[in-house]
Amino acid sequence: CPAHFLLTNHASVTLRERGISVEWVRRVMERPRLCLPDAGDPELLHELVPIVEREDRVLRVVYNSGKDPLLVVTAYFDRAWRGLL
């Protein structure tokens, strides 16, 4: 379970704009319900978890698994997965 990660500048800005807490990102990365490879970049992974505090909306965290520490590139609530996890 990845406990250590950094946020790109883009991720920091988008988390703030979207009202997503870093603790939720940590929760997703420590205990993902689903992990998917990125369609275009083999180093990127997508992890998804419903967030109880946001009415079980599914948070998708995208990070570069080839970096140490892991590098979160973005996170957003994925409407397509709501109710499926």
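## Thr8 and its neighbours

Setting aside residues up to four places away in sequence, Thr8 touches Leu71, Val72 and Val73. With Val73 there is something extra to look at: the Thr8 side chain comes to 3.5 Å from the backbone oxygen of that residue. Keep in mind that this is a predicted model.

Where does Thr8 sit along the chain? You'll find Thr8 in the loop between β1 (5-7) and α1 (9-18). Is Thr8 buried or exposed? Its relative accessibility is 19%, and the cut-off for buried is under 20%, so Thr8 counts as buried.

## A stop on helix α1

Move into helix α1 and you come to Ser12. Ser12 has a relative accessibility of 26%, so this one counts as partly exposed. Ser12 and Val22 are 10 residues apart in sequence, and their C-alpha atoms are 8.9 Å apart in space.

## The buried side of α2

Helix α2 covers residues 22-30, and its buried residues are Trp24, Val25, Val28 and Met29. Why do they end up on the same side of α2? Because they cover an arc of only 135 degrees around the axis. The general pattern behind this is that an α-helix has 3.6 residues a turn, so residues three or four places apart point the same way.

What do the buried residues of α2 pack against? Their partners are β1, α1, β3 (44-51), β4 (57-64) and β5 (70-77).

Conventions
Residues are numbered from 1 along each chain as its sequence is written. This is a predicted model: local features need pLDDT of at least 70, side-chain atom pairs count only at pLDDT 80 or more; totals for chains, interfaces and linings use all residues. Side-chain values use heavy atoms; hydrogens and water are left out. Helices (H or I, at least four residues) and strands (E, at least two) are DSSP runs, numbered from the N terminus. Buried means under 20% relative accessible area, exposed over 50%, partly exposed in between (1.4 Å probe, protein chains only). A polar contact is a pair of N or O atoms within 3.5 Å; within protein, one must be able to donate a hydrogen and the other to accept it, and residues adjacent in sequence count only if both atoms are side-chain atoms. Contact means heavy atoms within 4.5 Å. The arc is that of the directions from the helix axis to the C-beta atoms.
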